[in-house]
Protein chains: 2
Amino acid sequence: MSGKIITISREFGSGGRFIGEEVAKKLGFSYYDKNIIHKIAEKSGMSVDFIEENAELSPRKGLFSYAFIGRDKTGKSVEDIVYEAQRKVILEIAEKGDCVIVGRNANYILREFPNTINVFIHGNMPEKVKRICKIHNLNEKQAEIMIHDIDKRRKTNYQFYTDQKWGAASNYTLSLNSSQLGYEKCMELIMNCLK
Amino acid sequence: MSGKIITISREFGSGGRFIGEEVAKKLGFSYYDKNIIHKIAEKSGMSVDFIEENAELSPRKGLFSYAFIGRDKTGKSVEDIVYEAQRKVILEIAEKGDCVIVGRNANYILREFPNTINVFIHGNMPEKVKRICKIHNLNEKQAEIMIHDIDKRRKTNYQFYTDQKWGAASNYTLSLNSSQLGYEKCMELIMNCLK
């Protein structure tokens, strides 16, 4: 029997990961984001580096090149194998009890789970650019390019594996604009949903 | 100087109008939905019946027929005139002070206003069907058709006049699934945003 699960999907630079981590701390929930890469690597037989590069952002070069990359004897591409391993790891985590999971299409993977709150955090471009400039030591132009690139890859990955539109309100229990509400208020609203 | 404004956009059957009206009561805010039709009629010179039929759901017959309907000597269609009157009425309302406005692309029309919380209420099909069956005394099949038809027209209207995607989380401060959260919790979360 699973506990309470909060999944966080987010635009790059919106502070979604930070908000998810703080909510987990405040609630005493287990927290998962990039730290599940080792588990995915183990389950898929791929290297940690490969997972880091591909697990959330594949298919990297678009769907055209996707058709031509390596496949195993069952016809599965390496990206499908990584995705399947990721899916299994997330299902195992969800069985363990109260947790916050950031990214990795967890809202879709756990769609049959009870007691799941799916959150989407988004923000306004000026605030997102400011945050990314600071964290990654970039100028505004570079930050904007990075935001567009990462979100495009997240979107492609999400739509490829879920057949849903990334960022459509209907995929989530709760969607929040962190630029307008502030990070603290976002945490408060997410925690209020559990009460 | 305007007060606090809450705009509510909603999927048909999600209870968004009800939630908005209750929030207005609880906060002591003015409440506007269909009741602004008389003001729009006055400002546009059109009949109340015509506004009721067209103000939120135009262009009714799709964009193809839209190109061929009547236009005045400035080249504006009657639908554009209604929309412009509606826009002016909403701007006037917003200037008056604290209020809740349901529908009518108010989130977009008031995008430059400070102190505005834009809410999108959506829900799961079984709960929406149940609500519409009850309110409109329909069977499930009829309710489903009605939901698809009304939301399709709202979507077309929204996208035509705003160039934004209807139901995209990024258009709103806060998007809520009323089937999962319940109406009371939705009201609580919206009011929490104002604190």
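**Exercise 1. Determine how many residues chain B and chain A each bring to their contact, and describe the area buried there.**

Step 1. In this predicted model, 23 residues of chain B and 23 residues of chain A take part in the contact.

Step 2. About 1,700 Å² is buried between chain B and chain A. Carbon and sulfur atoms give 51% of that area.

Step 3. On the side of chain B, the residues B:Ala169, B:Thr173 and B:Asn192 supply 27% of the area buried against chain A, more than any other three residues.

Step 4. The number of salt bridges between chain B and chain A is zero.

**Exercise 2. Find what relation connects chain B with chain A.**

Step 1. Superpose the copies: a turn of 180 degrees with a shift of 0.0 Å along the axis lays chain B on chain A, and the RMSD is 0.0 Å.

Step 2. Such a relation is that of a two-fold axis.

Step 3. Compare the contact residues: 100% of those in chain B recur in chain A, and the same surface serves both copies.

**Exercise 3. Classify the arrangement of helices H7 and H8 in chain B, then list the residues through which they touch.**

Step 1. Helix H7 of chain B spans residues 125-136 and helix H8 of chain B spans residues 140-162. Their axes come within 9 Å and cross at roughly 105 degrees.

Step 2. Angles of 65 to 115 degrees count as roughly perpendicular. H7(B) and H8(B) are therefore roughly perpendicular to each other.

Step 3. From H7(B), the contact uses B:Met125, B:Lys128, B:Val129, B:Ile132, B:Cys133 and B:His136. From H8(B) come B:Glu140, B:Ala143, B:Glu144, B:Met146, B:Ile147 and B:His148.

Step 4. Sorted by class, these residues are seven nonpolar, two polar and three charged.

**Exercise 4. Carry out the classification for H7(A) and H8(A).**

Step 1. In chain A, the axes of H7 (residues 125-136) and H8 (residues 140-162) come within 9 Å, with a crossing angle of roughly 105 degrees.

Step 2. This makes H7(A) roughly perpendicular to H8(A).

Step 3. Among the contact residues are A:Ile132 and A:Cys133 of H7(A), and A:Met146 and A:Ile147 of H8(A).

Step 4. The contact of H7(A) with H8(A) divides into seven nonpolar, two polar and three charged residues.

**Exercise 5. Count the salt bridges over all chains, and place the pair A:Arg17 and A:Glu21 in its helix.**

Step 1. Over all chains, the search of the whole structure finds 18 salt bridges.

Step 2. A:Arg17 forms a salt bridge with A:Glu21, and their closest N and O atoms are 2.6 Å apart.

Step 3. Both residues lie in helix H1 (residues 16-27) of chain A, four residues apart, so about one helical turn separates A:Arg17 from A:Glu21.

Methods
Residues numbered from 1 in each chain as written. Chains lettered and ligands numbered in written order. Predicted model: local features only at pLDDT ≥ 70, side-chain atom pairs only at ≥ 80, totals over all residues. Heavy atoms only, no water. Axes fitted to C-alpha atoms, helices over the stretch in contact; angles between N-to-C directions. Helix = DSSP H or I, 4+ residues; strand = E, 2+ residues; numbered from the N terminus. Parallel < 35°, antiparallel > 145°, perpendicular 65-115°, else oblique. Contact = heavy atoms within 4.5 Å. Nonpolar A, V, L, I, M, F, W, Y, C, P; charged D, E, K, R; others polar. Least-squares fit on C-alpha atoms with pLDDT ≥ 70 in both. Buried area = accessible area lost by both parts, 1.4 Å probe. Salt bridge = Lys/Arg side-chain N within 4 Å of Asp/Glu carboxyl O.
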